[in-house]
Amino acid sequence: MSDERWVWGTGLVTTAENGTVLDTWFPSPEIGRIPLGLDPAMPPDDLDRHAVPDPRRAVTVDTITIEIDLDAAPSSTSDAYLRLHALSHRLVAPNAVNLEGIFGHLPNVAWTNAGPMHPDDAARLRPFLLRDGIQIQGLDKFPRLLDYVSPPGVRIADASRVRLGAYLSPGTTVMHEGFVNFNAGTLGASMVEGRISQGVVVGDGSDIGGGASIMGTLSGGGAHRVAIGARTLLGANAGVGISLGDDCVVEAGLYVTAGSKIVLADEPAGHDGARRSVKGAELSGRDGILYRRNSLTGAIEAVRRVGVGVTLNDALHA
C-alpha cells in the first residue's frame with residue numbers, strides 16, 4: 001500500500017478524569033508513515049511544554065504520535081481527529097478518506113473558551129468555571145475549525161459556523177451566515193453565504209447565496225453526494241438535492257430535488273402544446289443550466305445557458 005494513503009502526526013490529547021479522550025490537536029500532520037528513527041516518547045519541546053494538567057477543566061493533556069491508514073475506518077478518538085485535521089490541512093480532499101463510524105469515536109464534549117471538558121464535569125464545576133471566566137460555548141461531538149486549524153488564504157466571519165474537518169481552498173470566503181460541515185468544502189475561491197452539508201464539494205468561482213442549502217447525506221440516508229461545479233450560483237434561499245455542473249444558476253428561493261418535475265423549456269412543444277418534463281435526477285451534474293420557477297404556472301423550468309456563469313468580486317477573495 002502506498003504511503004500516500006497514510007497520515008501521521010504528533011499532537012496533544014486531552015483526557016477527562018473519567019478516562020474519556022475528549023480531543024486531539026495535531027498542529028502539523030503530514031502525509032506518509034511515522035519516519036524511521038522518530039521516537040514517539042520524545043515529542044518536540046514546543047509541544048511537550050503544553051502537556052500539563054488543567055484542574056480548572058478537570059483534564060490532563062499528554063503528547064501522542066500516531067499514524068493512520070486513510071482507507072481503514074477510524075479506530076479511536078485520536079485517529080478520528082487526525083482524519084479531520086488531514087481534511088482541514090488540505091492533505092486529503094473531501095470524500096477521499098474513510099470516515100465510517102466516526103461518530104462512535106467522538107464523545108459529546110463541552111467546548112469552552114479554555115478548551116474541551118467532559119459535560120458532567122462542566123455541570124459539576126460550573127461555579128468555578130464562572131469565577132475563572134471560562135464559558136461553555138457549545139455541547140457537540142465536533143469542534144470549531146478555527147480552534148485547531150487556520151487555513152491559509154481563507155476568510156471565516158463566524159468561527160462557530162465551520163466545523164473541524166471542513167476543507168477550504170485559498171480564496172474562499174465564508175460569511176457570517178455561511179456554514180461548512182466536516183468532510184465538505186470548496187475546491188477553489190468561492191463565496192459561501194449558505195449551507196454546505198457533509199460530503200458536498202463546491203467548485204472554483206461558485207457562489208452559495210445567503211440562506212441557500214445544499215442537501216447532504218447524513219440525515220436523509222441517501223447515497224448520492226451532491227457536488228457543485230465551477231462558476232455556479234445558488235441563489236439566496238435556494239437549495240439543491242442534485243449535483244450542479246459548471247456555469248449553472250438556481251433562481252433565488254427555488255429548491256430542486258432529485259424528484260422534482262422539471263419542464264425543459266427550450267424544447268419544442270408537443271402536439272398538445274406541452275413541453276417534455278423530467279425528474280431532477282436526470283439533469284444532475286449537467287453544465288450550463290438555469291433553473292427557474294415559471295411565475296405564471298409555478299412549474300420548475302430548466303433553460304440552457306451559454307457562456308460562463310457567475311464572476312466573483314476579486315476584492316472579497318484576496
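User: Happy to be looking at this one with you! Which strand does Val-202 lie in?

Analyst: Good place to start, and please keep in mind that this is a predicted model. The DSSP run at residues 201-202 is strand S15. Val-202 therefore belongs to this run, and the strand asked for is S15.

User: Is Val-202 buried or exposed?

Analyst: A residue counts as buried under 20% relative accessible area. For Val-202 the relative accessible area is 0%. That value falls under the cut-off, so Val-202 is buried.

User: Which residue in S18 stands opposite Val-202?

Analyst: S15 and S18 pair in the parallel sense, over 2 bridges. Beyond its neighbours within four places in sequence, Val-202 has contacts that include Gly-185, Leu-187, Ile-196, Ile-214 and Ile-228. Among these names is the one that faces Val-202 from S18, Ile-228.

User: How far apart are the C-alpha atoms of Val-202 and Leu-36?

Analyst: Along the chain, 166 residues separate Val-202 and Leu-36. The C-alpha trace as a whole spans about 80 × 50 × 40 Å along its principal axes. Between the two C-alpha atoms the separation is 38 Å.

User: Which strands are the edge strands of the open sheet S9-S12-S15-S18?

Analyst: This open sheet has 4 strands, and their pairing is parallel. An edge strand here pairs on one side only. That description applies to S9 (166-167) and S18 (227-228).

User: And in the open sheet S11-S14-S17-S20-S22, which strands stand at the edges?

Analyst: Here 5 strands pair in parallel. Each edge strand has a single partner strand, so one side of it is left without a neighbour in the sheet. The strands in that position are S11 (179-180) and S22 (255-256).

User: Staying with S11, what is the bridge partner of Phe-179 in S14?

Analyst: S11 and S14 run parallel and are joined by 2 bridges. S14 covers residues 195-196. Within S14, the bridge partner of Phe-179 is Arg-195.

User: Let's turn to the core. Which element gives the most residues to the largest nonpolar core?

Analyst: This core has 68 residues, and Ile-214, Val-250 and Tyr-291 touch the most other members. The elements that give two or more residues to the core include strand S1 (6-16), strand S4 (59-69), helix H2 (77-88) and strand S25 (289-293). With 6 residues, the top contributor is H2.

User: Which residues does Val-250 touch, apart from those up to four places away in sequence?

Analyst: Val-250 is one of the core residues that touch the most other members, and Tyr-291 is another. These two also touch each other. The full set of partners for Val-250 is Leu-233, Leu-234, Gly-235, Ala-238, Val-240, Leu-244, Val-256 and Tyr-291.

User: Back to H2: how many of its residues are buried?

Analyst: The buried residues of H2 include nonpolar ones such as Leu-82 and Leu-87, and also Asp-79, Arg-83 and His-85. They pack against S1, S2 (21-25), S4, S5 and S9. The helix is mostly covered, and the count of buried residues is 12 of its 12.

User: How far apart are the end C-alpha atoms of H2?

Analyst: H2 has 12 residues, and at 1.5 Å a residue the expected span is 16 Å. The model agrees with that expectation, because the end C-alpha atoms are 17 Å apart.

User: What reaches the backbone nitrogen of Asp-79 at the start of H2?

Analyst: The two ends of this helix are worth a look together. Just after H2, Arg-90 takes a positive phi of about 60°. At the start, the backbone nitrogen of Asp-79 is reached to within 3.1 Å by a side-chain oxygen of Ser-76.

User: Why does His-85 count as buried?

Analyst: His-85 is found in helix H2. Apart from residues up to four places away in sequence, it touches Thr-24, Trp-25, Phe-26, Pro-29, Tyr-148, Val-149 and Leu-164. His-85 counts as buried because its relative accessibility is 0%.

User: Last one: which residue takes a positive phi in the hairpin of S1 and S2?

Analyst: S1 and S2 pair in the antiparallel sense over 4 bridges, and Val-13 stands opposite Thr-24 in S2. The hairpin has 4 residues between the strands. The residue with a positive phi, near 95°, is Gly-19.

Key: Residues are numbered from 1 along each chain as its sequence is written. This is a predicted model: local features need pLDDT of at least 70, side-chain atom pairs count only at pLDDT 80 or more; totals for chains, interfaces and linings use all residues. Side-chain values use heavy atoms; hydrogens and water are left out. A nonpolar core is a set of buried Ala, Val, Leu, Ile, Met, Phe, Trp, Tyr and Cys residues joined through side-chain atoms within 4.5 Å. Buried means under 20% relative accessible area, exposed over 50%, partly exposed in between (1.4 Å probe, protein chains only). Contact means heavy atoms within 4.5 Å. Two strands pair if DSSP finds at least two bridges between them. The expected span of a helix is 1.5 Å times one less than its number of residues. A polar contact is a pair of N or O atoms within 3.5 Å; within protein, one must be able to donate a hydrogen and the other to accept it, and residues adjacent in sequence count only if both atoms are side-chain atoms.
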